[in-house]
Amino acid sequence: MSLRSPLARARGHGAAKDGVGHWWHQRVTSVALVPLALWLAFSIAGLAGASFEATRAWLASPVSAVLAILTLAVVFYHLKLGLDVVIEDYVYGKGANTASLMIAGFVCTLLGAATIFAVLKVSLGG
Amino acid sequence: MATIRERPLSPHLQVYRLIFTMVLSGLHRITGLVLGLGSLLLAYWLIALASGPDAFATAQWLFGSWLGRLVILGFTFSLFYHLCNGVRHLWWDTGRGLEIDEARRSGVAVVVVSVGLTLAAWIVGYMMRGGA
């Protein structure tokens, strides 16, 4: 006999209260990054040796800017999800583990905000 | 009086003979971490581009040096390997390709495709630079 209420079972949440949410977000961001990462990698390879003006002109175009912002947002969220799993595996102790997860979240958010701001600055001028 | 007895420990990584699929599995996590570090370089490059011509020139000089190119080569391979092996993981998530021989063959495919994509990206890069 299960000690869980029928409502809890229907919701499908585990003890951590978020069920397969983390796993699922990792999959969704992976699928999104297949085209986005290929686009960014080959775009940057195509800019090898390009001038400052040419590189800015590329990033300033609406298509590049929107795709770059999407890529960066998904990349840093995906990085945070991946780091979570590694930290949970290797950082022992409740305090150190929680602190590492928080720091990883702060660093990924900072990098995401800084890089997206850089794209906006280039594309909107200034 | 109670004596503390040595309890058996669970076998750790080093007791296993390394096999192909196991190395690929470890490489997925390692390349993921490398990409995390590499994202700092991407962030630096974008911020330099947004900062102005001088900052961008410094970044281009750094990335164009032999050490910079070596680091970017590692970064590019890590990206394509993690991407291809990620697709392999997604395929596994559907419950397919989990037999030993299938996993070995998809592993070979991942290595071949990720090396191929790395070469393709670098050929594009060198063509843009006119071979320099």
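Two residues are in contact here if their C-beta atoms, placed from the backbone, lie within 7 Å. By that yardstick, in this predicted model, where local features need pLDDT of at least 70, side-chain atom pairs count only at pLDDT 80 or more, and totals for chains, interfaces and linings use all residues, 25 residues of chain B are in contact with 27 residues of chain A. Residues are numbered from 1 along each chain as its sequence is written, while chains are lettered from A and ligands numbered from 1 in the order written.

**Where B meets A**
- On the side of chain B that touches chain A, α1 (20–51), α2 (53–64), α3 (66–93) and α4 (100–128) each chip in at least two residues; helices are DSSP runs (H or I, at least four residues; strands are E, at least two), numbered from the N terminus.
- α1(B) gives the most to that side, with 10 residues.

**A look at α3(B)**
- With 28 residues, α3(B) spans 40 Å from first C-alpha to last, close to the 40 Å expected (1.5 Å times one less than the number of residues).
- Its buried residues (20 or more other C-beta atoms within 10 Å of their own, C-beta atoms being placed from the backbone) include Ile72(B), Phe75(B), Tyr81(B) and His82(B).
- The buried residues of α3(B) pack against α2 (21–46) of chain A, along with α1, α2 and α4 of chain B.
- After α3(B) comes Gly95(B), with a positive phi near 90°.

**Chain A**
- Chain A has five helices and zero strands.
- Of its 126 residues, 21% are buried.
- Among contacts in chain A with a separation of 6 or more, 71% join residues 24 or more positions apart.

Note on methods: Buried ≥ 20, exposed ≤ 12 C-beta atoms within 10 Å, placed from the backbone.
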